Amino acid sequence: MAITSANQLELLQTAEAVAREKMIDPGLVVDAMEESLARAAKSRYGSEMDIRVSIDRKTGKATFTRVRSVVEDEALENYQAEMTVEQAKQYMANPAVGDTFVEEVPPVEMGRIAAQSAKQVILQRVREAERDRQFEEFQDRAGTIINALVKREEYGNVIVDVGAGEGILRRNEKIGRESYRPNDRIRCYIKDVRREPRGPQIFLSRTAPEFMAELFKMEVPEIYDGIIQIKAVARDPGSRAKIAVISNDGSIDPVGACVGMRGSRVQAVVNELQGEKIDIIPWNDDQPTFLVNALQPAEVSKVVLDEEAGKIEVVVPEEQLSLAIGRRGQNVRLASQLTGLDIDIMTEEEESARRQKEFEARTGLFMETLDLDEFFAQLLVSEGFTNLEEVAYVELDELTVIDGVDDGTAEELQARARDFLEAKAKAAIDAARALGAEDSLIQFDGLTPPMVEALAKDEILTLEDFATCADWELAGGWTNDNGERIKDDGILEPFGMSLEEAQELVMTARVMLGWVDPDDLIGAEDGAEEPVEGDEEEAEA
């Protein structure tokens, strides 16, 4: 058919009808029509020609044009779509390289094959626009709960109808052994939305901690309004969960509001989670206090926090130990996830025995190295001194406050401690040199003589050797072997080296060697992103 013989408004009417049906922009359909008509025109005039079609958005009139670009003589390749400056002078007044010459050409007769091709182009573009619309719609809904209809189950994965597309609930994202039949209604959390060639892929979850948080937001108006805030969630899907909440209004009890009248609110969430038991815990900015709350229903006697190591020791009575740990370690594991701390649980008897052992070890250290009698060594330990460095380099008045220690005694203690440390450092350097350690490593700021000796024993002898080390090789970490976490001991881990300290030392060495530009290093730190979930499993101190 000839484009001119058809009702020109019919093009726009068709575009609007398709756009309404697919819920996309009519302009995208018109663009697809322009592309399809241009393809049909190229099949008539020649594929090497640059034929373009423009459809008037008001009248529907289609205008066919041929575009030719002005190029340099040596760049001329396509005579149908390009021309030289000299050739362009017969069409243009002052042609220059980069100019284009546009001329209108007669409309084409669309044969059966051309019409079929045009239809395919339009359908393809419409499908792409529909997929883009679906992706944007669900991307905006990521992180929310969706009501879906079960369509089928494939190898344990549930395929659901989410309205404008399909979603997948993988078997590891289902609670326990729950199963569904076609046409069952199901509520899921939209965990991720990815753009795929066949359309947006919507990944759903019922085990994500965020799913439980969103359920509470639906059941508790105070959370939805922001009066109560969910600070942390930890789940053992289908079995037990802990959720920490805090109220921004002092007159509202956050735990009571989440429980509801006779437990109605929390029970609605429990029913949706297949009977999962939920502990609702008041959040506290003080970590030890929050941990005591998180370990409920167990009673805690004492909490010792090591902020630098990110560890916490919890002491409980003997009869409370099994309750604090929980079945298969569930209670302490959930409390650890909730607080973000490694938790060591011990009984009062175990803690007392451990402290006595530490006391005896430190007493023996001071007796041997400082040539003290047992009473004086015990006095130092009782005052809080744990190692020789503390004795050697503290302010003098911190020693003189001890009963029976005057200025002369304090100075003598410090002199003995410093002499021993210097002798120990010299022995370590001599041992490192005997193993082949070079001055570049020995004199590197940040490494103590015992550290250098430990590195030399591991055949790290030069600054270049040190600069090639990974942070976890120095500070230790964890690796996964078939799902089992295995501890990797770090060379400098016995000296209390953290991952952050190891990273800083290695990067300093690389800068000194000229391997890394310090300006690039500063830029990387300024633009550093948060670690991706899963990375910390590869290197976790």
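Biologist: Is Arg-354 buried, partly exposed or exposed?
Modeller: In this predicted model, the relative accessibility of Arg-354 comes to 24%. A residue has to fall under 20% to be called buried and over 50% to be called exposed, so a value of 24% places Arg-354 in the class between those limits. Arg-354 is therefore partly exposed.

Biologist: Which residue meets the side chain of Arg-354 in a salt bridge?
Modeller: The partner stands four residues from Arg-354 in helix α12, which spans residues 348-370, and about one helical turn separates the two. With a relative accessible area of 28%, this partner is also partly exposed. The N to O distance of the salt bridge is 3.6 Å, and the residue across from Arg-354 is Glu-358.

Biologist: In which helix do Asp-430 and Lys-426 both lie?
Modeller: These two residues form a salt bridge, with 3.1 Å between the closest N and O atoms. Asp-430 is partly exposed at a relative accessible area of 39%, whereas Lys-426, at 54%, is exposed. They are four residues apart, about one turn of the helix, and the element that holds both of them is helix α16, residues 407-434.

Biologist: Which residues do salt bridges with shared partners join into one network?
Modeller: A search of the whole structure finds 24 salt bridges. Where such bridges share partners they can be followed from residue to residue, and one network of this kind consists of Lys-151, Arg-152, Glu-154 and Glu-166.

Biologist: Which residue forms a salt bridge with Glu-214?
Modeller: Glu-214 has a relative accessibility of 17% and therefore counts as buried. Its partner lies three residues away in helix α5 (residues 209-219), about one turn of the helix, and counts as partly exposed at 32% relative accessibility. The closest N and O atoms of the pair are 3.4 Å apart, and the partner is Lys-217.

Biologist: At about what angle does α5 run to β8?
Modeller: Helix α5, the element that holds Glu-214 and Lys-217, lies across three strands, namely β5 (145-154), β8 (185-194) and β9 (201-205). These strands belong to a closed barrel of five strands in the order β5-β6-β7-β9-β8, with mixed pairing. Between the directions of α5 and β8 the angle is about 125°.

Biologist: In β7, which residue is the bridge partner of Val-158?
Modeller: In the barrel, where the twist averages 50° from one strand to the next, strand β6 (residues 157-161) runs antiparallel to strand β7 (residues 166-169), and four bridges join the two. For Val-158, the bridge partner in β7 is Leu-169.

Biologist: Which strands stand at the edges of the open sheet of three strands?
Modeller: This sheet has the order β10-β11-β12 with mixed pairing. An edge strand has a single partner strand, so one side of it is left without a neighbour in the sheet, and this applies to β10 (228-236) and β12 (277-282).

Biologist: By how many degrees are neighbouring strands of this sheet turned against each other on average?
Modeller: One pair of neighbours is β10 and β11 (residues 240-247), which pair in the antiparallel sense over eight bridges. Within that pair, Arg-235 stands opposite Ala-241. Averaged over the neighbouring strands of the sheet, with direction ignored, the turn is 20°.

Biologist: Which helix packs on this sheet?
Modeller: The helix in question touches β10, β11 and β12, and its direction makes about 140° with that of β10. It comprises residues 330-339 and is named α11.

Biologist: How many disulfides does a search of the whole structure find?
Modeller: A disulfide is a covalent bond between the sulfur atoms of two cysteines. Among the cysteines, Cys-258 is buried at a relative accessible area of 1%, and Cys-469 is buried at 6%. The number of disulfides that the search finds is zero.

Biologist: What percentage of the residues in the protein chain is buried?
Modeller: The chain contains 23 helices and 17 strands, and its accessible surface comes to about 31,200 Å², of which 46% belongs to carbon and sulfur atoms. Among its contacts with a separation of 6 or more, 53% are between residues 24 or more positions apart. Of the 541 residues in the chain, the buried share is 38%.

Conventions. Residues numbered from 1 in each chain as written. Predicted model: local features only at pLDDT ≥ 70, side-chain atom pairs only at ≥ 80, totals over all residues. Heavy atoms only, no water. Pairing = 2+ DSSP bridges. Axes fitted to C-alpha atoms, helices over the stretch in contact; angles between N-to-C directions. Contact = heavy atoms within 4.5 Å. Buried < 20%, exposed > 50% of the residue type's maximum accessible area, 1.4 Å probe, protein only. Areas by Shrake-Rupley, 256 points an atom, 1.4 Å probe, with all protein chains shown as cover. Disulfide = S-S within 2.5 Å. Salt bridge = Lys/Arg side-chain N within 4 Å of Asp/Glu carboxyl O.
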